[in-house]
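User: I would like a close look at one buried position in this protein and at what surrounds it. Please take the answer slowly and connect the pieces as you go.

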Amino acid sequence: MPTFEEIVEKAKSFKNLPTKEEFLEFYGYYKQATVGDCNIEEPEDEEKKARYNAWKSKAGLTADDAKAYYIEVYKKYAPKYE
């Protein structure tokens with residue numbers, strides 16, 4: 001079974017870009033898995049705020065759980081973008 005890091009690399013090499021909503025789903029789990037709970041102030045910029053909210057919504061998940069969810073998200077979208 002591929003590792004979280006391998007799945008992240010595969011997701012980065014999708015042939016087509018995921019939608020904004022799909023990207024934010026990946027982003028929230030990735031940040032939670034690699035950094036932990038959101039540790040920044042809410043930005044003013046709308047694009048950055050969307051990323052902030054995606055990450056903040058995953059607060060409380062352990063790194064291992066966030067990695068597992070990220071892999072599930074990858075499995076959901078991989079057939080669409082590989």
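Analyst: A residue is called buried when its relative accessible area is under 20%, exposed when that value is over 50%, and partly exposed in between. The model is a predicted one, and the values below are computed from it.

By that cut-off Glu22 counts as buried, because its relative accessibility is 7%. Glu22 has its place in helix H2, the helix that spans residues 20–34. Which residues is Glu22 in contact with, leaving aside its neighbours within four places in sequence? They are Tyr77, Lys80 and Tyr81, and helix H4 covers residues 63–81. Two of these partners are also joined to Glu22 by polar contacts between side chains: one of 2.8 Å with Lys80, and one of 2.4 Å with Tyr81.

Another residue, Phe26, touches Tyr77 as well, and its list of partners, not counting residues up to four places away in sequence, further includes Ala11, Phe14, Tyr70, Val73 and Tyr74. Tyr77 is thus a partner of Glu22 and also a partner of Phe26. Phe26 leads on to the largest nonpolar core, which has 16 residues, and in which Phe26 is listed with Ala11, Phe14, Tyr70 and Tyr74 as having the most contacts inside the core. Helices H1, H2 and H4 each supply at least two residues of this core, and the largest share, 8 residues, comes from H4.

Several of the residues named for the core also line the largest pocket, which holds about 250 Å³ of space. Its lining is made up of Val8, Ala11, Lys12, Phe14, Leu17, Pro18, Phe23, Phe26, Tyr27, Tyr30 and Tyr70. The elements that give two or more residues to this lining are H1 and H2, and H2 provides the largest share, with 4 residues. Sorted by class, the lining has 10 nonpolar residues, no polar residues and 1 charged residue.

One of the lining residues, Leu17, offers a contrast in exposure with Glu22. Leu17 lies in the loop between helix H1 (4–12) and helix H2 (20–34), and it counts as exposed because its relative accessibility is 78%, whereas Glu22 counts as buried at 7%. Leu17 is 59 residues from Lys76 in sequence, and the two C-alpha atoms are 14 Å apart in space. On helix H1 itself, Lys10 counts as partly exposed because its relative accessibility is 40%. Lys10 and Glu25 are separated by 15 residues in sequence and by 16 Å in space, C-alpha to C-alpha.

Helix H2 also takes part in a further piece of the picture, as it is included in what covers the buried residues of helix H3. Helix H3 runs over residues 46–56, and its buried residues are Ala50, Tyr52, Ala54 and Trp55. At the start of H3, a side-chain oxygen of Asp45 comes to within 3.1 Å of the backbone nitrogen of Glu47.

Between H2 and H3, the loop holds Asp37, which counts as partly exposed because its relative accessibility is 42%. Not counting residues up to four places away in sequence, Asp37 touches Gln32, Trp55, Ala59 and Gly60, and Trp55 is one of the buried residues of H3. The side chains of Asp37 and Gln32 are joined by a polar contact of 2.7 Å, while the side chain of Asp37 also reaches the backbone nitrogen of Gly60 at 2.7 Å. Asp37 lies 25 residues from Thr62 in sequence, with 8.9 Å between their C-alpha atoms in space.

On helix H4, Asp65 counts as partly exposed because its relative accessibility is 38%. Asp65 and Tyr29 are 36 residues apart in sequence, and their C-alpha atoms are 8.9 Å apart in space.

To return to the position you asked about, Glu22 is a buried residue of helix H2, with side-chain polar contacts to Lys80 and to Tyr81. Helix H2, for its part, supplies at least two residues of the largest nonpolar core, gives the largest share of the lining of the largest pocket, and is included in what covers the buried residues of H3.

Notes: Residues are numbered from 1 along each chain as its sequence is written. This is a predicted model: local features need pLDDT of at least 70, side-chain atom pairs count only at pLDDT 80 or more; totals for chains, interfaces and linings use all residues. Side-chain values use heavy atoms; hydrogens and water are left out. Buried means under 20% relative accessible area, exposed over 50%, partly exposed in between (1.4 Å probe, protein chains only). A polar contact is a pair of N or O atoms within 3.5 Å; within protein, one must be able to donate a hydrogen and the other to accept it, and residues adjacent in sequence count only if both atoms are side-chain atoms. Contact means heavy atoms within 4.5 Å. On a 1 Å grid over the protein atoms alone, a cavity is a set of points where a 1.4 Å probe fits but cannot get out, and a pocket is an open set with protein on both sides within 12 Å along at least five of seven lines; lining residues have an atom within 4 Å of a point. Grid points are joined across faces, edges and corners, and a volume is the space filled by probe spheres set on the points. Ala, Val, Leu, Ile, Met, Phe, Trp, Tyr, Cys and Pro count as nonpolar, Asp, Glu, Lys and Arg as charged, and the others, Gly among them, as polar. A nonpolar core is a set of buried Ala, Val, Leu, Ile, Met, Phe, Trp, Tyr and Cys residues joined through side-chain atoms within 4.5 Å.
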